[in-house]
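User: I am a first-year student, and I would like a close look at one loop and at what surrounds it. Could you explain each term when it comes up, and then compare the loop with other places in the chain?

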Amino acid sequence: NISVAAVGMAMLMAVAGCESSEMGPGLARAPSITVNNTTDPASTSGNGFCTLREAIDNANSPGTDTTGGDCVKGTGTDTISFSVSGTITLSSALPAIANSSPGSLTIDGSGQTITIDGAGTYQVLSVNSGATLTLNDLTIAHGYDFVGGGGVSNSGTLTVTNSAFSDNTTPNYGGGIYNQNGATLNVSNSSFYGNSSTVGEGGGIANLGTLAITDSTFSENSAPNGNGGAILNVKGTLTVTNSTFSDNSAPGGFGGAISSDGTLTVTNCTFSGNFGPLNGGSLLNAGGTITVSNSIIFAGRHENCGGGAITNGGYNISDDGTCGFGTSTGANGQTIGDNVNPLLASDGLQNNGGLTQTIALQPASPAIDAIPQGNANCPGRDQRGFARPAPGYAACDIGAYEFGAVAP
């Protein structure tokens, strides 16, 4: 007898052996270039080691094998996957991502634990104008670039999911990512920790293009001598939803969490302990427009908001009066708005479920059950992906975290 498990394994092996396979009606899997070695660079072309550097070279040269048979050829629309775990410590900057429309590249660490490390000397990745790159389930660490984007410099279209940017630096713009003028960046379910713009601005991200952030956490990023400890938005368009900003700082400048002179929309976010001593402990309006809805801004060292006026989108809580939220009553009958303590959990940023760390609410928090269900500021889930409103509650909570919610 042939077991069901054996048949299933044979089918999986057959699929794995194909460069392209149908995964259901209308869904084709992109050809995969599999990295099987974490060294950089490979010592000899044709030695059977497909390194990340070689995989990118093949993806950049569709139909051509530049590796002596170490990696499969690229097609112009490729996925680089990994059969090993470990840290890839760069010996020089990786090749720029150079596909052109409609081509694209995905670098996917799913199923492994992959860190790409710039060794404090090299920028980890760069994306050329017109090129498209997706990063999934990776850690980008210790990258450095003098101009900007110690982790990644993006001039094309970059999507970051389920990933971490840690301890990347630049003296200028965007310790973690520099999203340049005209570029597009989407970040979801990701963490930015300890990135720094040592002399310039935007410790975590500097954005001059279009940037959308969802379900992500920014913690302890810094711009020691500039603005925007976590994010600098320079004449760009920035939307931040269901995200947490904790202990980011701009000790020599403005906007401990975010400094923006472009268009900034903040929805369902939690800010805590960010530091901007000159102006705007959490948010600085440096001459653009900022709209804040359903968010908590707490313990901004010096003050929570600074610069130009902040537009109140409703259902906000600030523990000082600098954001101009006024005073209103939540669906729970409690006072919300300015000069209200949101009663965040005293242990701060923690693993409360989901893919990123969040800050919980104390049981007596006025943020709980404050937003009527069906209101536009009551989305279907919180930063962790847990349902809003929580079971047994008739309304949604203010901020990125839903008290009492159950993991899906």
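Analyst: **A close look at one loop**

Asparagine 189 is partly exposed, because its relative accessible area is 23%, where buried means under 20%, exposed over 50% and partly exposed in between, found with a 1.4 Å probe on protein chains only. The model is predicted, so local features are given only at pLDDT of at least 70 and side-chain atom pairs only at pLDDT 80 or more, while totals for chains, interfaces and linings use all residues. Residues are numbered from 1 along each chain as its sequence is written, and side-chain values use heavy atoms, with hydrogens and water left out.

Asparagine 189 sits in the loop that runs between strand 14 and strand 15 (191–193). Strands here are DSSP runs of E with at least two residues, helices are runs of H or I with at least four, and both are numbered from the N terminus. The backbone at asparagine 189 has a phi near 50 degrees, which is positive although the residue is not a glycine. Most residues other than glycine have a negative phi.

One of the residues in contact with asparagine 189 is serine 163, where contact means heavy atoms within 4.5 Å. Serine 163 belongs to the loop between strand 10 (157–161) and strand 11 (164–166). With a relative accessible area of 6%, serine 163 is buried. Leaving out residues up to four places away in sequence, serine 163 touches Leu135, Asn136, Asp137 and Leu138, and also Asn189, Ser190 and Ser191. The side chain of serine 163 also reaches the backbone nitrogen of leucine 138 at 3.2 Å. This is a polar contact, a pair of N or O atoms within 3.5 Å in which, within protein, one must be able to donate a hydrogen and the other to accept it; residues adjacent in sequence count only if both atoms are side-chain atoms.

The strands that come before these two loops are themselves partners: strand 10 and strand 14 (residues 184–188) run parallel and are joined by 5 bridges, and strands pair if DSSP finds at least two bridges between them. Within this pair, leucine 158 has leucine 185 of strand 14 as its bridge partner. Both strands belong to an open sheet of 11 strands with parallel pairing, in the order 1-2-4-7-10-14-18-21-24-27-30. Strand 1 (32–35) and strand 30 (311–312) are at its edges, where each has a single partner strand, so one side of each lacks a neighbour in the sheet.

Following the sheet towards strand 30, we find strand 24 (residues 263–267) paired with strand 27 (residues 289–293) in the parallel sense over 5 bridges, with threonine 265 opposite threonine 291. Strand 27 then runs parallel to strand 30, to which 2 bridges join it, and here the bridge partner of threonine 291 is threonine 311.

What is the phi of asparagine 339, which is not a glycine? Its phi is positive, at about 55 degrees. Asparagine 339 lies in the loop between strand 33 (335–337) and strand 34 (344–350), and it counts as exposed because its relative accessibility is 59%.

Loops also hold cis peptide bonds in this model. The bond from aspartate 40 to proline 41 is cis, with omega near -10 degrees, and proline 41 is in the loop between strand 1 and helix 2. A second cis bond runs from arginine 388 to proline 389, with omega near -15 degrees, in the loop between strand 36 (371–372) and strand 37, where proline 389 lies. Most peptide bonds are trans.

Each of these cis bonds includes a residue that touches a buried one. Aspartate 40 is in contact with leucine 90, a residue that is buried at a relative accessible area of 3% and found in the loop between strand 3 (86–89) and strand 4. Other contacts of leucine 90 include Ile116, Tyr122 and Val124. Arginine 388, in turn, is in contact with tyrosine 401, which counts as buried because its relative accessibility is 12%. Tyrosine 401 is located in the segment after strand 37 (395–396), and its contacts also include Asn352, Asp382 and Arg384.
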